[in-house]
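Dear colleague,

Here is the structure I promised to hand over to you, with its sequence. Please open both before reading on, since my notes below are meant to be followed with the residues in view.

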Amino acid sequence: MSEHRRKPPQPQGGGRAAARRGQSGSSSGRRAAPRGATGSPADSYGTSTHGSESYGAGGEERPYSGRAEARRAAQRSGGGRRRAAEPGRGVPGGPGRGRARATGPVKKRIVDYPRAGRYGWQRWVPSWKLVSGLCVGFFGSLVAIAGIGYAMVGVPDVAKTAEAQNNVFYWSDGSQMVATGGETNRQIVSLEQIPEEMRNAVISQENKTFMTDSGIDPKGIARAVLNMARGGETQGGSTITQQFVKNAMLDDQSQTISRKFQEIFVSVKVGAKFSKDQIMAGYLNSAYYGRGAYGIQAASRAYFNKDSVDLNPGQCAFLAAMLKGATYYDPAGAESIDPAATREANSKRAQIQMQDTLDKMVEYGHLDAATRAKYTELPEYQNPRSNTALSGQVGYLVDLAKAYVINNTNITAEDLQQGGYSIYTTFEKKKVKELEAAVKKVLKENIDPKKRSKDTHVQFGGASVDPETGAIRAIYGGEDATKHFTNNADVTGAQVGSTFKPFVLAAAMKWGVRDPEGLPEQAQDERTKVSPKSLYSGQHHLKIKNYDGTVWHDDKGKEWLQANDGDESLGDPPNYQIDLRTAMQFSANSAFVQLGMDVGLDKVKEAAVDAGIKEDTLTGTTFPSFSIGISEPSAIRMAGSYATFAASGKQREPFSVTEVKSEAGTVFRHKVLTEQAFTAQVADNVTDVLKTVVEKGTGTSAQLTGREVAGKTGTTDGNRSAWFVGYTPQLSTAISMFRYPDDEKIKNRRFLKMYGTGGQQSIHGSSFPAEIWQDYMEQALKGEPAKAFPTPEPIGEVINDVPDPTPTPTVSETEEPSPTPTPTPSQTEPSPTPSASETCQWGWCEDDGGTDTGGTDGGVTTSPSPTESSDPGGGNGNGNGNGGLFGGGDSTG
């Protein structure tokens, strides 16, 4: 019988593997049936081998000389390495011989990974050929990319760099206000026109190895790229060559990894093609020095009004400091951009940087010690604004708008300097002109520095805010933006006096006074909200108490005796009780200082911040006098916070820009956000009380024809500042007045007293500030309908409505209480200030004469007489008492 007989049927579960495998019997000598001979589907799976014989697909026997040859034949025919049947598998009953591997042909791959012919972990270990090939390919690609990048970039053309475009500012009606920002381009000068000291100053401070380095700093580049990849702040090039390239690449000022690599290629090419002298000249001719000045020649003119060739070593070191960032090093200051960039702070930074540069020039042998010793102070510099288009109020408006853009968008100061933006502001041209006209009218008619020495250094500030949106409609920043550089509407440092009292009243209505029997941390529902009919003492030299009835003492154990203006008490003896409406009407200090203590000074502070006052402008928050205005908010913030009352408690942040556009389209659009700072019940009651001030109190000079007005007067300690802040339903406006020298050559400048200014005995908020406010508001609201304030809902409970059956007024030991005259609308009140160390922060503590009204000094038993020129409580001439001086100030309404 032929051995090639058909294989019997397989048992269920045998599967293809069993079908492919033949039986191997040690006794019968049978061989596995060839796949082609079975006629089963398993035939298509290739060839099976055994011993020295092989069977093809058609079942034809082919002899081979050995097993190795048989395996090779099987591989050539497409079969893989297989295993013979195991015992118990394949043909039933076959004894089996274990598994034998069958191998098929290996297909060649370009990249042999995972590796063929390897098993387990060895399949994943790359061969040395693969590793070396990848390394060669990687470094070859880098070389190719670097070569292409080097070939594609060009070197900077200094003549085409720093060509800044204008920014166009628009009034609120869409008409153009001014085009500015690119008015100062660079004038290129040769290296011979740049003093050697200027070159050495830059080398000494920025890149001491400039003359020998390759133009790039690999470590600095790696650090910058890594920092940017992590999302951190960007870093500029650390060599002069890289800085020059950065300045020249003005078509793309973005700080990205791709741009950084582009800078590297350009820097390498510049280092190869340009000499060090050419690079230095290019850098100094393209760098930005602030004040719109690109290049050393423009900077020399902007700061010193001279040609660059005439700069001395001190001026060179000064300009080298400006390269660090003029916002924080220009001694003229940039407070509108960053409150930290004050004149004083910038001058200090510039002085330190300039001196450090000079010291390094000596250290590196670029300057002799004798010459260096001549330059120990900042050089004299000139007006920072040379563009006549920014004269008048326009410069202040532009500064305010630019500061808003920088602080509220992704646009940087450098971006703005490059220009190309259309900036739409909230300013109304008509209102700006009318506010300026109202101030000039008072100056012309009343202030004459040639006639009176007390009329020197008089300044005003003002701002108008729309209560419905928070939009700033007008400001008065000073006489002229090209002559007076501080924006008085935005930054003054002048204390606000009694205009702070509405925040005390709002806190009392919102949170209430604390129970004398309770704990300091009482919850709101355990307090008693205050009605305007609540009674408080209007006594002069009132001994101030804590909410629990104990006498308040400062850290030195001294009591606080609160003074009123003119050493006069309000109300009837012996306890001098008056309601809070009357206390506000005639601006009684003692009543509001005690109310603030009963509510809690922390709540007074919270009310002020909720209304819109910036927390960092609040001063002496733990002193009783905090309640009567020793803090220094700006006119914009005072107008904005009163606008919160006008809007029935809805607070909206003051803003000056509605939209910013570039060639790419709209890049910013303002969104009005509203916070409910106070309930309408609280805000409308505050407004109703402030109406009384204007109708028949200290603010009658601010009355408007046919319109309801709410407002408050304020004058501060030593008569150093005076305010009027008021509003109608449509507009809130704040006006400040003070004396402060503009001349920066005057050391230890201070706010000066205004006794005798304008020919008046003293200046109060009810005088020139209220006059300006009234004159401006009459014109600003002309043509607009007269609106009434909402009728307030009754609020709170009447506090202290039961008089003490045995009142014991607190008076000085040598002072007998006496009936006080009926108060008149012109009465004003002094406010104390905390300790000299607390509030004499400006260092302006010199008395310049004049008479202070007010208090006693740390327990001194007598008040200063009208002829005494001492400050209240031993004051210091800056509105600051000494050690929490008691009654020591005048927060005069």
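The side chains of D356 and K360 meet in a salt bridge, with N and O 3.4 Å apart, and please keep in mind throughout that this is a predicted model. Because D356 and K360 lie four residues apart in helix α13, which covers residues 343-363, about one helical turn separates them. D356 is partly exposed, with a relative accessible area of 29%, and K360 is also partly exposed, at 22%. The pairing fits a general idea that you may already have met, namely that side chains of opposite charge can pair when their charged atoms come close.

Helix α13 takes part in another salt bridge, this time through D359, whose partner is R372, and the closest N and O atoms of that pair are 2.8 Å apart. This pair links distant parts of the chain, for R372 belongs to helix α14 (residues 369-372) while D359 belongs to helix α13, 13 residues away. Is R372 buried or exposed? At 13% relative accessibility R372 counts as buried, because the cut-off for that word is under 20%, whereas D359, at 40%, counts as partly exposed.

A further salt bridge joins E428 and K431, and here the closest N and O atoms are 2.7 Å apart. In this pair, E428 counts as partly exposed at 22% relative accessibility, while K431, at 6%, counts as buried. If you look around these two residues, you will find that they belong to a network of salt bridges that links E428, K431, D466, R473 and E784. How many salt bridges are there by this rule? The count comes to 20 salt bridges.

Next, I looked at how some of the helices pack. Two packed helices are described by the angle between their axes and the distance between the axes. Helix α18 (residues 501-510) packs with helix α23 (residues 680-696) at an angle of about 140 degrees, and their axes are 10 Å apart. Angles over 145 degrees would count as roughly antiparallel, so α18 and α23 are described as oblique to each other, and their crossing is right-handed.

Helix α18 also packs with helix α20 (residues 589-599), and in that case the axes come within 10 Å and cross at roughly 40 degrees. Since roughly parallel is reserved for angles under 35 degrees, α18 and α20 are likewise oblique to each other, but the crossing of α18 and α20 is left-handed.

Two further places deserve a careful look. The residue F668 is found in strand β15, which covers residues 665-669, and F668 counts as buried at 14% relative accessibility. Although F668 and T409 are 259 residues apart in sequence, their C-alpha atoms are 6.9 Å apart in space.

Which residues make the nonpolar surface patch of about 490 Å²? The patch is made by I110, V111, Y113 and W124. One of these, V111, is found in the loop between α3 (67-76) and α4 (128-152), and V111 is partly exposed, with a relative accessible area of 46%.

With best wishes

Conventions. Residues numbered from 1 in each chain as written. Predicted model: local features only at pLDDT ≥ 70, side-chain atom pairs only at ≥ 80, totals over all residues. Heavy atoms only, no water. Patch = residues over 30% accessible without salt bridge, like charges linked within 9 Å, V, L, I, M, F, W, Y side chains within 5 Å. Areas by Shrake-Rupley, 256 points an atom, 1.4 Å probe, with all protein chains shown as cover. Salt bridge = Lys/Arg side-chain N within 4 Å of Asp/Glu carboxyl O. Helix = DSSP H or I, 4+ residues; strand = E, 2+ residues; numbered from the N terminus. Buried < 20%, exposed > 50% of the residue type's maximum accessible area, 1.4 Å probe, protein only. Axes fitted to C-alpha atoms, helices over the stretch in contact; angles between N-to-C directions. Parallel < 35°, antiparallel > 145°, perpendicular 65-115°, else oblique. Left-handed = near helix turned anticlockwise from the far one by under 90°.
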